[in-house]
Structures are given as C-alpha cells and as structure tokens.
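Trainee: Can we go through the labels on this model? I'd like to hear what stands behind each of them.

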Amino acid sequence: MQFDVSIGCYVPNRIAKSALTESLADPRDNAPNEKHYQLYTRWGKTGAGIIMSGNVMIDRRYLENPANVVVDDDRHVEMLSRIAKDSQKHGSLMFVQLSHPGRQCPISICLTRQPVAPSDLPPVKIALPLFRSARALTLSEVEEIILAFGRSAEIIKRAGFHGVQIHSAHGYLISQFNSPLYNKRTDKYGGSPENNRRFLLEVYREVRKNVGPNFPISVKLNSADFQKGGLTEEDSLKIIEILEEEGLDLLEISGGSYESVQFIQKKESTQIREAYFLEFAKKVSQHVKKMPIMLTGGLRSTCTMHQVLKDHQVDVIGLGRPFCVEFQRISQIISPNYNPVKNPIVFNDADLSLGNGLRDFESGLQNFWHQEQIRRIAEGNLPDPEMKIWKSLIVCPVLAYVWSPRRSPVPMPIILIGSIVRSEEPRLNSSHANNSYAVFCLKKKNDNTRTKIRNDDRTRTHRTPDTL
C-alpha cells in the first residue's frame, strides 16, 4: 500500500519502523558508528516505508542512555551521511528522532549533576533508584533548548536523511512541558493548557525554520499520561488540532512515561489485545482533515494491521519490537502479492515475564532484552528470541546505565555478575570519575580463571578527580 505525506512526499508503503533506543554509541563520544551503520542498513533492506532512528539527543549533557547518539554540532556528519545514504538505498525513508530527556536523565550520566525539567520535580519513581530530583529550567535555558532542536534538525537534513521526528511522548522533556502534572511554571511556558503546549509548538516552528517548508517533520505525541493530574486525551486532541494547522507532516500516537508505562503494557479493552492506542487513534481520525496518523504500540497480527488501515483509522502502522526479533519478515508483509487475510502473519512476542513479585522490574528488563537483540543485528548476527529475560539484567543495565565511561558525578556501587562484556573487559581507569566499584567477572565454564576486584579495605579504591 502507498500514501502521500501532506507535503507530497512519496512513501512506498504503510509500514514504519518506530523509534527504539539502540544503546550502541560509545559513551565517551556519543558518536554514530559502524554498528549503527550496519543496523540501519539491515533494517533499510526490509523495504519498510519509514525507518525512525532511536532517541538522538540534542544536548550531550543530558542523555536518556549513556550510549545515545548526540547530534549537537557537525562533528559526526560524515558517519551520519553514510547511514542516511545506505539505509535508504532500498526505498525506505529514514527519519531521525530528536529528543531531550528532561527529568528522565539517570544520575550516573547527568554531566551537570542534576537533570532539568519544566519545574522543580522529585526523582522519577521506578523500581531502581536511577534518578534524582530535577531543577526548573530558566527562561533563557528554555529558549536555548528550542534553538538546539532547530540546530540538530538542520544537521540531520544536511546529512541526507529524509525527515526528523520531535519526541514529545513517554515523559521526556517536551512531554513534561505538555503535562500539567509536571509543568508548574507561571511564565509563558506554563500555567494553562495554552502555555503548556507553547514549548512544543515553538520547538516545531524552530525546526521548520531550520529545515524549510518541504522537509518532512513528524511529532511523537502522548495520547495521555495515564496519571492523575497529567495530560488528558482532550489536551492531546487540542495539541493535534494546532499541529495540523501548523502544517505537521506526520503524527505518531503513543502514551505513558517511565512512571506509567502504557507504551509497554497491554490493555484488555484494546482490539484483540493489540494496538494500545487504537481507541484514541479513532478519535484523532475524526478531528484531523489531511494530516497522516501513525499508530505504534502492540500491533502484532497483519490481520489487525490490515483492518485498521482499511477502516481509515490510521495511515501508517508503526512497529518497534518486531524489528528487533523478526525483522526478516517485514519484506514479506509489504510485498504487493501479500494477502493478510489469506495468509495472516503474527509477530510473536517472546515470553519475557518474571513472575509475581518482580513485575516492577519487568518493563525495564523487556526494554533491555530488546536492546540486546538490536546489538545482535548491529553486529551482523540474527536475533536470539530464545534468550532468557534474566540475561538482560546482566548485559544491558550494567553496560548502559551503571558501568559507563561518562564522567559520572554521583557515586554509585556497581556489581557485575556473569560473562558480561563481549568486546572488552571493563577497565577501571581515569575515565570512571567518582564511582566506587565492587566487580565480579566470572569467566565461562571452560575457563578456570576468575577475576575478582573488590572495593574494600583490602584493595585500592579507583577514583579520579571530581571534574568534568
């Protein structure tokens, strides 16, 4: 199936790979690298209509993940251009998602010692103490961030990508401004629904100014926060109405935040336990005139995808996790000869349940499990759908959130268990600032040697000066 974006941009089919944090950049420079190149080249070969990159940060001081790519100046344009060129060889249009985490910046990687938010806010409440309280942005800082979004978008366009997406969902900074639960400002960026959405609209206008009228811009928007006192569906519908008037090219619907993970959890009331936000998408389709709508979250069977498109409820189907586990099947479902009614395909979710008592950790570990599948694809391997979820507890949190070469200003004990590092062993060196380590690296069964490094009275404490 085909459709035209409102500005006349031709998209070959209605399947989009939605944004997923890749966690592949070297935390020392946050640069795109050969792994990103291989990953997006392989995903591009599927022929999906749109390929969305994961969280690309606009400010290297504030990251969602220490292995995020950062585009805040021209230093990585050469590699970005390689990725843009070869990921789009087979007809896919690649968009780069631009984001600022706001209060959802873990303390171990926040280079300013304290994350920022629309207002002074308490730490993000999740199962692990990864966050600290956030301070309110000054008016000048708000304006600087708006300019930074525009600057990053201009670099993305120059590198040869086909579009950008502004991340205004999942509890990141723009989503925080939209929400009355988090936005307690009393200046022009808060205090009323009109003022709350001003930040998003000014980011959009700055991006548009920098990329011009004919470069596609998408916004990923929460349908709601799913928290008392947060963004409501009515608030979101008003934002969508204004974005269409502004000329937005593609709206992606999602929802929730770290504290209310609706983009991971399923609802019984949704169609065949699929399409978490389909009910809201139906309301949106009645409000918009021409702006294409992309629906992401829980869609797994091609029968449901076909029906949603046939009923004109949405225009594009966004798939995230299926690209991590069964990306080889994407080319089959977009084939002109494929009939989803006669030959239905279901993308199977791996059994990633932890059982009672560990539910609070489950959603996070599911994310880490899928990031491990992304890493396998980026290294030229096939996904491993049989990998147990507990292995992601060993692999990803340690590498991505705790053991990081970024100069962490906050002491945090670390325990590494199992055969963890695939490329090189963790090194205790001067790049690990102000962290105390208790490290156990147990070798494989056929290796009789063991490495044990304890941070106690019997061994050295590895520290470096408290500087940035």
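Trainee: What makes Arg 113 partly exposed?

Mentor: Its relative accessibility is 33%. Buried means under 20% relative accessible area, exposed means over 50%, and partly exposed is what falls in between (1.4 Å probe, protein chains only). A value of 33% sits in the middle class, so the label for Arg 113 follows. The residue is in the loop between strand 7 (93-99) and strand 8 (116-117); helices (H or I, at least four residues) and strands (E, at least two) are DSSP runs, numbered from the N terminus.

Trainee: Any ground rules before I go on?

Mentor: This is a predicted model, where local features need pLDDT of at least 70, side-chain atom pairs count only at pLDDT 80 or more, and totals for chains, interfaces and linings use all residues. Residues are numbered from 1 along each chain as its sequence is written, and side-chain values use heavy atoms, with hydrogens and water left out.

Trainee: What is unusual about the phi of Arg 113?

Mentor: Its phi is positive, about 75 degrees, although Arg 113 is not a glycine. Most residues other than glycine have a negative phi. His 170 is another non-glycine with a positive phi, of about 60 degrees, found in the loop between strand 10 (163-168) and helix 4 (173-178).

Trainee: Is His 170 buried or exposed?

Mentor: Buried: 8% relative accessibility is below the cut-off. His 76 passes the test too, at 10%. His 76 lies in the loop between strand 6 (69-70) and helix 2 (77-87). Beyond four places in sequence, its contacts (heavy atoms within 4.5 Å) are Asp 29, Asn 30, Ala 31, Pro 32, Arg 60 and Val 70.

Trainee: And why is Pro 336 called exposed?

Mentor: Its relative accessible area is 81%, which is over the limit for that class, so the word fits. Pro 336 belongs to the loop between helix 11 (330-333) and helix 12 (359-378). Set it against Pro 118, in the loop between strand 8 and strand 9 (135-136): with 1% relative accessible area, Pro 118 is buried. Among the residues in contact with Pro 118 are Leu 173, Phe 177 and Tyr 182.

Trainee: How do you know that Cys 105 is in no disulfide?

Mentor: A disulfide is a pair of cysteine sulfur atoms within 2.5 Å, and the structure holds zero of them. For Cys 105, the nearest cysteine sulfur is that of Cys 110, 4.1 Å away. Seen from Cys 110, the closest cysteine sulfur is in Cys 105, and 4.1 Å is too far for a bond. Both count as buried, Cys 105 with a relative accessible area of 0% and Cys 110 at 1%.

Trainee: What makes a set of residues a nonpolar core?

Mentor: The members are buried Ala, Val, Leu, Ile, Met, Phe, Trp, Tyr and Cys residues joined through side-chain atoms within 4.5 Å. The largest one here has 99 residues, and Phe 199 and Leu 251 have the most contacts inside it. Helix 3 (residues 139-159) gives the largest share of this core, nine residues. Apart from it lies another core, of eleven residues, including Ile 50, Met 52, Leu 250 and Met 294. In soluble globular proteins, nonpolar side chains tend to be buried together.

Trainee: Which residues of helix 8 are buried, and on how many sides?

Mentor: In helix 8 (residues 278-287) they are Leu 278, Phe 280, Ala 281 and Val 284. They cover an arc of only 150 degrees (taken from the directions from the helix axis to the C-beta atoms), which puts them on the same side of helix 8. Their cover includes helix 7 (233-246), strand 12 (250-254), strand 13 (293-296) and helix 9 (302-310).

Trainee: How confident is the predictor in all this?

Mentor: pLDDT, the predictor's confidence in each residue from 0 to 100, averages 80 over the protein, and 74% of the residues score at least 70. Over residues 262-273 it stays under 50, and the model has 33 contacts beyond four places in sequence for them. Residues 407-468 stay under 50 as well, with 104 such contacts in the model.
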